[in-house]
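User: I'd like to learn how to read a protein model feature by feature. Could you walk me through this one?

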Amino acid sequence: MRIAIPKGRLQDKTLAMFAAAGYRVPATTELATRKLVFNSAGVEWIFVKDCDVPVYVEHGAADAGIAGLDQILEHEAGVYQPLELPYGRCRMMVIGAPGAPRLSRDRTAMIATKYPRVARQYLDAQQLRAEVVPLGGSVELAAVLSLTSHVIDLVETGETVRVHKLELQDFVAEITPRLIVARNSYRTNNKQLRELIARIEEAKNEFVESIVA
């Protein structure tokens, strides 16, 4: 069984979740080698960018993985989402430059985002006028430097928004990590993946307690 782990903000808690479920995950010393593939007790762990996890799983290069709902929505990934996980919760928000008016139907704004598909769907649903500018990182900087009047991005603590005196304006979506499973893998490897889902579900309460402690 091959499992895709997102590098970045979700990596450590994701590995802790699998460890709590009884899986032998790569050790810190192994991860320090910068290897991207590890084999342990019948599981092949692959470490990929968070935005790539749904792609690997949807196309069957991984049987399962952990992906944020933001990435699942952006890729419109055709995967099973059996479990929502109890960490990494954040909000996708419309964020304005200081003094920027709210988005409206009457004027065309410019919005920078790493999620152009989600942004366009939100704007169309709300009947708001805006040009979407795709960026790969440091999205808030677009509003700070007046590249755009607004950005759509994830907000976890809100510290970046406060530091740069940006303004939270509108809610787009609640974002949580999900255990995702490839459809074909679930059909052909049902027993092993059912066990994976059951073990992760059972570990959720224990994992929440460990975070609180």
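Analyst: Happily; we will go from the overall layout to a strand, some rings and a pocket. This is a predicted model, in which local features need pLDDT of at least 70 and side-chain atom pairs count only at pLDDT 80 or more, while totals for chains, interfaces and linings use all residues. Residues are numbered from 1 along each chain as its sequence is written, and side-chain values use heavy atoms, with hydrogens and water left out.

User: How many helices and strands does the protein have?

Analyst: Helices (H or I, at least four residues) and strands (E, at least two) are DSSP runs, numbered from the N terminus. Here there are nine helices and 11 strands. The C-alpha trace spans about 55 × 35 × 30 Å along its principal axes.

User: What share of the residues is buried?

Analyst: Buried means under 20% relative accessible area, exposed over 50%, and partly exposed in between, using a 1.4 Å probe and protein chains only. Of the 213 residues in the protein, 46% are buried. For a single case, take Leu69 in helix H4: its relative accessible area is 12%, so Leu69 is buried.

User: Why is strand E9 described as largely enclosed?

Analyst: Strand E9 covers residues 150-155, and six of its six residues are buried, so the rest of the structure largely encloses it.

User: Which strands pair with E9, and in which sense?

Analyst: Two strands pair if DSSP finds at least two bridges between them. Strand E6 (residues 90-96) pairs with E9 in the antiparallel sense over six bridges, and strand E7 (residues 109-113) pairs with E9 in the parallel sense over three bridges. Val151 makes a handy landmark in E9: Ile95 is its bridge partner, and Ala112 stands opposite Val151 as well.

User: How many aromatic pairs are there, and how do I read one?

Analyst: Rings of Phe, Tyr and Trp (its six-membered ring) pair if their centres lie within 6.5 Å; planes under 30 degrees apart count as stacked, over 60 as edge-to-face and the rest as tilted. The whole structure holds five such pairs. In one of them, the ring centres of Phe18 and Tyr23 are 5.9 Å apart with planes at 75°, so this pair is edge-to-face. Phe18 and Trp45 have ring centres 5.2 Å apart and planes at 80°, so they are edge-to-face too. That second pair links distant parts of the chain, with Phe18 in helix H1 (residues 11-20) and Trp45 in strand E3 (residues 43-49), 27 residues apart. Ring pairs thus join Phe18, Tyr23 and Trp45 into a cluster.

User: Are these rings buried or exposed?

Analyst: Phe18 counts as buried at 0% relative accessibility, as does Trp45 at 0%, and Tyr23 counts as buried at 10%.

User: Which charged residue lies over the face of Tyr23?

Analyst: A charge sits over a ring if NZ of Lys or CZ of Arg is within 6 Å of the ring centre and within 35 degrees of the ring normal. Arg199 lies over the face of Tyr23, at 3.9 Å from the ring centre.

User: Which elements give two or more residues to the lining of the largest pocket?

Analyst: On a 1 Å grid over the protein atoms alone, a pocket is an open set of points where a 1.4 Å probe fits, with protein on both sides within 12 Å along at least five of seven lines; lining residues have an atom within 4 Å of a point. The largest pocket is lined by 22 residues, with Asp50, Gln71, Lys114, Tyr115 and Leu154 nearest its centre. Strand E4 (64-68), helix H4 (69-75) and E9 each give two or more residues to that lining, and H4 supplies the largest share, four residues.
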